[in-house]
Amino acid sequence: DSKGFREVENNAPQNTGDAKTLSDFLKFCKKNYSADHEMLVFWDHGGGAFGFGADELYGHDGLTLKEIREALASVHGSNPSKPPYEIIGFDACLMASLEVAETLNGYGQYLVGSEELEPGDGWDYTTWADKLVQNPGMNAAQLGKAIADSYIEYYANQSAVLSWMNIENMCTFSVVDIPKAHEVYEAYGEFAAAALKDAMKDPGVLTQLGRAANGSVRYGCNVYNYYNTVDLGVFMENLAEKYPAETQKVQMTLEDAVLYRRATSYGKESKGLSVYFPTDIDDVYGLHKYLEYMDEVCDNQ
């Protein structure tokens, strides 16, 4: 506060990969620091559909998306029309995904984060926090845009300084309306159901889907074959001829849901939300991720 830092509570080390730890933290904040406008930021490693965090003191345990939703639900009731957090942000890799947005539906108005891996410095907190201090009346969408702009411009400037070494930061950033992303989720489900029915009749459809995914903007660099994360919008563009009605619905709802997006030249075609779509499962780790997705993310329908 204005007088400096002060200790408010002193706890023994806790596993940040445990849903109860997150739940306890959220309860503490709600009880002691309730506010008219609230923002929740996760800062650590990210895995998109495969969750967040890796606590090195507890076997690199992380939070699955189910655990994040479980913790949120234990503190706040789900309310898509008036969620408890105006922004839920991830200063972490790969978290601007459709699966993450669906997990947060009812608990946040906007998801802010990156489709791609984040460089090691993370967000440029000083720049966007200064803007908030100068204009405390800005709304959540304006703050999300400030976070996105400061993030991309920080790494664009860094790339310019390092251009003599041919180093370019591969960055994307999105501000996503979470309730509207639920409509994207439903539209993508309709597409997936149509594609699955066709694949049951003709397995060659899987090859077409794989080519469309591989022709999309892909994220995760050297771990792509494990995380199999592609840009949803470009993926749908590549399948527009085969599934015109289904892909058009996804693209229309996606355009409406992604409030703001920016990227360095690498990701200039990115549309703002990614999705897991396995095209290559060529080792045990990739198979593990596929089975984890089936167990932790897919609806039991």
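**Aromatic pairs around Phe50**

Let me begin with Tyr227, which has 15% relative accessibility and therefore counts as buried, where buried means under 20% relative accessible area, exposed over 50% and partly exposed in between, with a 1.4 Å probe and protein chains only. Phe50, at 10% relative accessibility, counts as buried too.

Please keep in mind that this is a predicted model, in which local features need pLDDT of at least 70 and side-chain atom pairs count only at pLDDT 80 or more, while totals for chains, interfaces and linings use all residues. Residues are numbered from 1 along each chain as its sequence is written, and side-chain values use heavy atoms, with hydrogens and water left out.

Rings of Phe, Tyr and Trp (its six-membered ring) pair if their centres lie within 6.5 Å, and planes under 30 degrees apart count as stacked, over 60 as edge-to-face and the rest as tilted. Counted by this rule, there are 21 aromatic pairs. In one of them, the ring centres of Phe50 and Tyr227 are 5.6 Å apart and the planes stand at 70 degrees, so this pair is edge-to-face. It links distant parts of the chain, 177 residues apart, with Phe50 in the loop between strand E1 (39–43) and strand E2 (52–55) and Tyr227 in helix H8 (residues 224–227).

Which ring pairs with Phe50 with planes at 90 degrees? That is Tyr276, whose ring centre is 5.3 Å from that of Phe50, so the pair is edge-to-face. Tyr276 lies in strand E10 (residues 274–276), 226 residues apart from Phe50, and both residues are buried.

Elsewhere, ring pairs link Trp43, Trp123, Tyr125, Trp128, Tyr151, Tyr154, Tyr155 and Phe173 into a cluster.

Definitions and conventions: Helix = DSSP H or I, 4+ residues; strand = E, 2+ residues; numbered from the N terminus.
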